[in-house]
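Please read the following report alongside the sequence and the model. It moves from the overall fold to the interior, then to the surface and the charged pairs.

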Amino acid sequence: MSYASFVVWVIHVKLIFDGKFKRRLLIFIFVAFVVYFLYRVRGVLFPFILAIILAYVLNPLVELLEQYKIRRLYGIIVVYATVLGLLFLVGFYGVPVIVKQLTAFGEKIPYYTSEAQSRLRDFYRDYQRFNIPESLRESIDQNIVNFQLQLTQLLSKLVTGIFNIFSQIFSFIIAPILAFYLLKDKDEISKSIVQSIPVANRSELLSLWEEIDTVLLKFIRGHLLVATLVGAATALGLALIGMDFPLLFGIISGITNIIPYFGPIIGAVPAILLALLQSETLALYVILVMAVVQQLESNLISPRILGQSVGLHPLLVIFVLLAGGELWGLVGMLIAVPLTAVLRILIGYLFTKLIA
């Protein structure tokens, strides 16, 4: 390379790293560092995530009180007092029931496992009467053994998962405290964020955030309310038909109902399997209860609370649900759709900026 070519190359590189490119590179490095840092400390993020969700849920109530000339701090106190009062009533009457059902469920796991194995042995004895090729019989025998192991593991994981929810007691205690400060300093936090955005990009970035905010509101507020109603209706229906542990299965049904398409099935399977171990009639009643609740949810509750969808094609929704389940299990399925909806907005914005 000649000296003149080298000088031209140096000037070219200098021009590349001047101006907008340099700023964008620095922003990219900063964002990458923040993402990496959050990944490294992900173990302590749970209470902060809960606090953000809680602040999202309670903020409309606080703003409603502000419309009646009540200062924001006093409005937060009123909302917190009301919510704490309701939680106290729920805790006073509900927590002992949940703990009692959890304890009873844990004690009955050996019985349910034994009953499931007995049913499988009966099935094995019945199908032995048929003239089945030996290779097929061996395959069926192996699948029966595998199913027994998977059933035992499923019951153990179900109990472990429920207990893990209640083991996060510290996060559930500190989250309302963090949410209180988020609500109290909402205007200051919003102002600081807005001021940190360059004036030239402020309008379009705020418009972008409003679009994202709409998606988040729909999932955090709307789906939580729908999940609560579905869980309560399921628990009530199961209690009326005499199903064991109706509150536990109501909680499971409510949580999994957040997952589109697959959620109602995932939530119904544990209750149906447990009912089958008691009687086929009870299992039919459980299926009927689940079907009625889901019809109410899909035709009455969700259209009134959630309104229109987040603008994702059903095929894409199914794909991201399966991908989320493959990567992070049930949690991945819970966050897959809102995360994809937010990414769709961000990718659309970036694509527009790049081709503009």
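The paragraphs below describe the fold, the nonpolar cores, a surface patch and the salt bridges.

This is a predicted model, in which local features need pLDDT of at least 70 and side-chain atom pairs count only at pLDDT 80 or more, while totals for chains, interfaces and linings use all residues. Residues are numbered from 1 along each chain as its sequence is written, and side-chain values use heavy atoms, with hydrogens and water left out.

The chain holds twelve helices and zero strands, where helices (H or I, at least four residues) and strands (E, at least two) are DSSP runs numbered from the N terminus. Of its 356 residues, 29% are buried; buried means under 20% relative accessible area, exposed means over 50%, and partly exposed lies in between, with a 1.4 Å probe and protein chains only. Among contacts with a separation of 6 or more, 70% are between residues 24 or more positions apart, a contact being heavy atoms within 4.5 Å. The accessible surface of the chain is about 23500 Å², and 71% of that surface belongs to carbon and sulfur atoms; such areas come from the Shrake-Rupley method with a 1.4 Å probe, and for residues only the protein chains shown count as cover.

A nonpolar core is a set of buried Ala, Val, Leu, Ile, Met, Phe, Trp, Tyr and Cys residues joined through side-chain atoms within 4.5 Å. The largest one has 25 residues, and those with the most contacts inside it are Leu-238, Met-243, Phe-245, Phe-249, Leu-274 and Val-286. At least two residues of this core come from each of helix H4 (72-127), helix H8 (199-240), helix H9 (246-256), helix H10 (263-276) and helix H11 (280-305), with H11 giving the largest share, seven residues. Once neighbours within four places in sequence are set aside, Val-286 is in contact with Leu-238, Ile-241, Met-243, Ala-271, Ile-272 and Ala-275. A second, separate core of 16 residues includes Val-215, Leu-312, Val-317 and Ala-336.

On the surface, Ile-27, Phe-30, Val-31, Phe-33, Val-34, Val-35, Phe-37 and Leu-38 form a nonpolar patch with about 770 Å² of accessible area together. Patches are made of residues with over 30% relative accessible area and no salt bridge, with nonpolar side chains (Val, Leu, Ile, Met, Phe, Trp, Tyr) joined within 5 Å and like charges within 9 Å. One member of the patch, Val-31, lies in helix H2 (residues 19-40) and counts as partly exposed because its relative accessibility is 43%.

Side chains of opposite charge can pair when their charged atoms come close. Counting a salt bridge as a side-chain nitrogen of Lys or Arg within 4 Å of a carboxyl oxygen of Asp or Glu, the model has three salt bridges.

| Salt bridge | N to O distance |
|---|---|
| Lys-186 and Glu-63 | 3.7 Å |
| Arg-72 and Glu-66 | 3.0 Å |
| Lys-184 and Asp-185 | 3.0 Å |

What does the salt bridge of Lys-186 with Glu-63 tie together? Lys-186 lies in helix H7 (residues 186-196) and Glu-63 in helix H3 (residues 46-67), so the pair ties together parts that are 123 residues apart in sequence. Lys-186 is partly exposed at 27% relative accessible area, and Glu-63 is partly exposed at 32%. In the pair of Arg-72 and Glu-66, Arg-72 is buried, with a relative accessible area of 10%, whereas Glu-66 is partly exposed at 30%. Lys-184 is partly exposed at 31% relative accessibility, and its partner Asp-185 is partly exposed at 24%.
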